[in-house]
Amino acid sequence: MATPEERIAELGLTLPEVVPPVAAYQPAVRSGDHVYVSGQLPFVDGKLPATGKVGAEVDAETAKDLAALCALNAIAAVRAEVGELADVVRIVKVGGFVASTPEFTGQPGVINGASELLGSVFGEAGVHARAAVGVAALPLDAPVEVDMIVEVR
């Protein structure tokens with residue numbers, strides 16, 4: 001059985017360094033058997049690969065890819081907090097935020113990028129409850145943000 005780290009490599013991905021906070025918070029906090037991951041933006045090497053609203057400057061497919069990057073950054077925050085991704089028991093809840101135009105209603109499809117990546121990395125343990133909501137704006141004009149709650153050993 002492959003470890004989550006091995007699955008990430010099989011997907012052709014590399015777990016990034018934890019993105020430093022852009023305000024007064026911690027990337028992840030452990031409380032008992034749960035890790036609460038702060039909202040993660042789709043940073044790559046310290047930069048946002050796209051900015052703007054989904055439905056205007058950013059198309060839905062690009063936004064879905066950005067949601068997967070948010071999830072990868074969230075996974076990195078979990079690993080930094082617990083040491084080994086094998087200690088993840090379950091991804092409990094994912095919150096997905098999509099900065100979108102008023103007429104855009106495809107938020108669930110965008111956040112599928114995060115959900116699908118979590119399923120690929122954690123298998124059954126990656127199946128989670130979720131919210132996918134549209135918002136007027138996100139920090140740094142990011143199109144997507146993802147947070148999550150993770151049960152760990």
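**View 1. The hairpin of S1 and S2.** Strands here are DSSP runs of E, at least two residues long, numbered from the N terminus, and two of them pair if DSSP finds at least two bridges between them. This is a predicted model: local features need pLDDT of at least 70 and side-chain atom pairs pLDDT 80 or more, while totals for chains, interfaces and linings use all residues. Residues are numbered from 1 along each chain as its sequence is written, and side-chain values use heavy atoms, without hydrogens or water. Start with S1 (residues 28-31) and S2 (residues 34-40), an antiparallel pair held together by four bridges. To get your bearings, find Ala28, which sits opposite Val37 in S2. At the turn, two residues lie between the strands, and one to look for is Gly32, with a positive phi near 65 degrees.

**View 2. S5 and its partners, S2 and S3.** Here S5 (residues 144-152) runs antiparallel to S2, and five bridges connect the two. His34 is a handy landmark, since its bridge partner in S5 is Glu151. S5 also pairs with S3 (residues 88-99), again antiparallel, this time over nine bridges. Look for Phe97 on that side, with Glu145 of S5 opposite.

**View 3. The whole sheet, out to S4.** Which way do S3 and S4 pair, parallel or antiparallel? They go parallel, with seven bridges between them. In this pairing Ala99 has Val135 of S4 as its bridge partner. Put the strands together and you get an open, five-stranded sheet with mixed pairing, in the order S1-S2-S5-S3-S4. S1 and S4 (129-135) are the edge strands: each has a single partner strand, so one side of each has no neighbour in the sheet.

**View 4. The largest pocket.** A pocket is an open set of points on a 1 Å grid over the protein atoms alone, with protein on both sides within 12 Å along at least five of seven lines; a cavity is a set where a 1.4 Å probe fits but cannot get out, and lining residues have an atom within 4 Å of a point. This pocket holds about 210 Å³ of space, taken as the space filled by probe spheres set on the points, which are joined across faces, edges and corners. Who lines the largest pocket? Going along the chain, you meet Thr14, Pro16, Glu17, Val19 and Pro20, then Phe43, Val44, Asp45 and Gly46, and finally Leu69, Leu72 and Asn73. Seven of the lining residues are nonpolar, three polar and two charged, where Ala, Val, Leu, Ile, Met, Phe, Trp, Tyr, Cys and Pro count as nonpolar, Asp, Glu, Lys and Arg as charged, and the others, including Gly, as polar.

**View 5. The second largest pocket.** Next up is a pocket of about 170 Å³. It has 13 lining residues, and those closest to its centre are Met1, Ala2, Pro4, Arg7 and Phe122. By class, the lining of this second largest pocket comes out as eight nonpolar, two polar and three charged residues.

**View 6. The cavity.** How many cavities of 30 Å³ or more are there? The count is one. The largest cavity has a volume of about 60 Å³. Around the largest cavity you'll find Val19, Pro20, Val22 and Tyr25, along with Gly39, Gln40, Leu41 and Phe43. Val19, Pro20 and Phe43 should look familiar, as they are among the residues lining the largest pocket. The cavity lining has six nonpolar residues, two polar ones and no charged ones.
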